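Biologist: I should be grateful for a close look at a single part of this model, the aromatic side chains and their surroundings. Please set the account beside other local features where they help the reading.

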Amino acid sequence: MPQDAPVPALAPLPTAPGPASEPARSPVADLRWPLLTGDACFPAGSASPADLAALTAELGEALRRFSAATDDDPFSNPVQRVALELSRKIEDGSVSYATLEQLIQYLSADGFIGRAARLSRYIGEMDPEANAASLVARIRALAVPPGTEAPVPFEAFRAQVERELFGIVMTAHPTFNLSGELMELLTTLASGHAGDGTPLSDSTRAELIEHMAGLVHRPDDDLSLTREHTLSLIAIGNVQAALRRLYEIVYAVAEEVYPERWTDLTPKMITVASWVGYDLDGRSDIKWTDTLRKRLIVQAGQLRHYREEVRAVRGLASSGEEIRHTLDLLESRLALAINEVTDEIGVFGQDPGEAGALPHIQRIAQRMHDGISLRLIDNSQATGLIDRIIRLATSGGTDRDPAIRRLCTLRAELANYGLGMAHTHVRINATQLHNAIRKTVGMETAPDDPRYRQSYLASLNDLLDKVRPQTINFGSIMSERTSAKRLFMIVAQMLKYADATTPVRFLIAECESAFTPLTALYYARLFGVADKIDISPLFETEKALELGSRVIDQLLENPHYRAYVQARGRLCIQTGFSDAGRYLGQTPASASIERLRLRIARLFPKHGLTGVQLVIFDTHGESIGRGAHPAGFEERLSYTATPYSLEFLADNKVDFKQEVSFQGGDGFLYFVTPAGAFAVVTRILEHMFGDRGDARGDPFYEDPDYITEFFTTVKEFQVSLVKNPDYATLLGAFGTNLLFPSGSRAIKRQHDSADDSEQASVSQIRAIPHNAILQQLGLPANTISGVGEAIGKDPERFRQLYARSSRFRHLIGMVEYGAAIASPDALRAYVDTLDPGLWLLRAAKTPDKARAEEMRRLARYLEDTQLHARQTKVGRRLFADYCLLRDGLGQIEGGGCGALVTPAAREQLAILHAVRIALIHEIFLLATHIPQFSSQHNTTHARLLMRVLHLDIPTAVSQLERIFPATTDAAVNGDFGERATYASDESQNYQRENEDIFKPMNGLYELLRRVSVGVVHRIGFFG
């Protein structure tokens, strides 16, 4: 999307049926057999895709009709009325539960096709040959700048291609909302290319769509850390393949422009890292052996790749005896290292706490120590052998042999990745570091407590003055009880036994004080790893974003930290868009992060830092709620590495490396296929080497007063929202029960009682589920709320700045997209499912007396809760601000991010919400038939009903199945000397209750969560 493109008003739903508003016919409607049958505890349905298309069209027409009627009846809710229509069809038997299942599958499959199209547009050009041509042009421009004929000096070209310019970081956040098979299908359809790079034919594409339509749209069942790690390795492998092609292009250009020197190059430009298995922030389920084992798996995979490359070169090269001997030596060195690591992977797969594990760990530890001279732990050993082969091969004038270029590429890979598939990022929380050092420095309060801050720092400086490295072994790790010190020990063992040359990033979450990185430096020195570890504080909270530059300033004033940074040659920080977006609002968070970047850049000349690279790792996600711009990859990259900040860093002569995260299932999508990974690499280099236009003249940076006031207004709205207990109730009423588990880290908190969610604090809900709940309820508040109020303060000034500033349009683009996918009607309909008045009104208009009684009974249950009243209160506030936003965006003309969501997609979203609301109604009505029972299994009838009202169906049904078993143990029989005619009630079973109530509730709940995946398809991301 052009930066200066005007943006339209918020597109309303079509108000009347007609050809112009009807969605295009979906290819799903033309499938040759039904999509899915009988997979959610219901009998097989008989509806065909054409029937389901007709039902969808009927619901869409009803939605448009009800929307048009709101002009005369503003109290009516179109989404709720469509849900009611569907409920009546269920009641009269014209729509069965099986048909509902098929309808959800139809809508999900149709949304999947739309999601693939969105992904294709988002990444941009996906043809590998076209992307290769783009990279050739970019690399050639580095050697021979446009408008010139003479190439730049070789050393200048070398400096450009050998520096670390950008980093891709794989992180396993819980956004795995699709099975691995569906992930591959999605990216294949998006790229238009098969796994081998060949374009998809029309018939192949149709076959893939047909196959997709028959798959259940949900995550994999096994979302363990091991599964996430496996998916991350697939993504990393495809990134490496993309970078190999990049290196081949660099060498091809260099061979042409610098024929005498091209083999001297060792390009990098883009690095790849991972924290999957190493991120211990907020996790106690990852054992130290898990972390070490996954690091060894990454090493084994890369060593095997290196060995295969050596074997391939052997087949290509027309080499002499000395070259063959050197290749033999290199291959045998790699084979020996692979054998060593493979044995260790098996041993460290055991739980160190299990009986019998200790002898195995002791045995392998002794072997690792005794055989350290046989291990390959320094990549310079391998690169030295490769350099020798290249010298020998080129000395005979055979420098155009394809084997030479392949060897050069292998050397570049060794230099970039070291002895692993990716660089290692470990992460821990600041509190864990504080707990580790607390007794040592006598710390009894928070480290930034103004009463003791200086004394704490003095004690820590004294420790840094005197610290001497200590040696450790695997027994030390097993004995250590503090997680922070144990992690430093694990890093020490990684560096000792896996890769002694490639540095490890040590990320510290929730860092708000200079004391915290200094503590990390103390432990880095204590365990002898300070020369190979890059300490990186995370600035994400409101306080940290305000104080972050001061924290870095204090660290650089500290002689220990300054010497450490100067020796490492890099200053690393991390910024986050998730918690920042949750507490400040997404647009204020982005503006705050950019200000932090600029303030830290000013510290370089202030402290006279020379030869030091600034590394900023931005951990945004894939959704608008976590800092991923919806317009496209260029906009996504510019949202973090803004053109202005890049120019500012260049003006201040700060060597800079940008890193970004690709999170979980949504993030790995880009790299599931080789074509996708190569496209992303191309987009990154196009961005980093691209024309930044007149970034310095953007009026966004010339009007700080208005910008500050605008985003402060948004921030204050968001802060008050997060503190509002009614907002917590809104999020907690259904909460994560709307969602499938989406990762190895549980997204659902455990509650002692069913009604705890009424009192839950928003701070207890993690950022991804927080955002996902909002999206599923129909209003992404952390992206859009408060902006309407900010616009309303000075609408004309907003309009003028929007028209003149590309950066301001960029930020508001997030809001436009959020407003386009929002549905206040859906939010109100969800809230009203818990309104006792609604159920009484429905009962009064329901002719079926039995069903009317169910509704009255449900109303009585709901009267005993405050769920509806509290949600309605905060819902009114959100709706009022949404109306201001709608009016504010309405003054903008043209096409922008709001136009990325078509009216047809908005209609499908509304239908999905209506279907889910109808499902909730059915579950609630079934719950009115749960028999009364006395307190047992640590629950009561009232508490169990409350679980149902919160949609905690798995727990509720599990308890019901224990209380009312479908089968019971047989009565005790035998000859007891007298005949008994009495049969105890305990021997009776509850088959009917299980078949008619409990099993259908589980089935409907499964469908309800499948709707959530359909919503994700239409929105384009999870959380």
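Modeller: The account below begins with the aromatic rings and then turns to one buried threonine and to the strands. This is a predicted model, in which local features need pLDDT of at least 70 and side-chain atom pairs count only at pLDDT 80 or more, while totals for chains, interfaces and linings use all residues. Residues are numbered from 1 along each chain as its sequence is written, and side-chain values use heavy atoms, with hydrogens and water left out.

A search of the whole structure finds 38 aromatic pairs (rings of Phe, Tyr and Trp, the last by its six-membered ring, with centres within 6.5 Å; planes under 30 degrees apart are stacked, over 60 edge-to-face and the rest tilted). Tyr-706 and Phe-710 form a tilted pair, with 5.9 Å from centre to centre and 50 degrees between the planes. Because these two residues stand 4 apart in helix 27 (residues 704-723), about one helical turn separates Tyr-706 from Phe-710. Helices (H or I, at least four residues) and strands (E, at least two) are DSSP runs numbered from the N terminus. Both Tyr-706 and Phe-710 are buried, a term for under 20% relative accessible area, with exposed over 50% and partly exposed in between (1.4 Å probe, protein chains only). Ring pairs also join Tyr-706 and Phe-710 to a cluster whose members include Tyr-644, Phe-648, Phe-700, Tyr-701 and Phe-711.

Charges sit over rings as well (NZ of Lys or CZ of Arg within 6 Å of the ring centre and within 35 degrees of the ring normal). Arg-877 lies over the face of Phe-717, 4.4 Å from the ring centre, and the charged end of Arg-636 sits over Phe-633 at 5.3 Å from the centre of that ring.

Thr-682 belongs to helix 26 (residues 674-688). Thr-682 counts as buried because its relative accessibility is 0%. Beyond its neighbours within four places in sequence, Thr-682 is in contact (heavy atoms within 4.5 Å) with Asn-131, Ser-134 and Leu-135. A polar atom of the Thr-682 side chain lies 2.8 Å from the backbone oxygen of Phe-678.

Among the strands, strand 2 (residues 269-274) is mostly covered, with 6 of its 6 residues buried. Strand 2 pairs (at least two DSSP bridges between the strands) in the parallel sense with strand 1 (residues 164-171) over 6 bridges, and with strand 3 (residues 423-429), also parallel, over 2 bridges. Ala-273 of strand 2 stands opposite Val-169 and has His-423 as its bridge partner in strand 3.

Conventions
A polar contact is a pair of N or O atoms within 3.5 Å; within protein, one must be able to donate a hydrogen and the other to accept it, and residues adjacent in sequence count only if both atoms are side-chain atoms.
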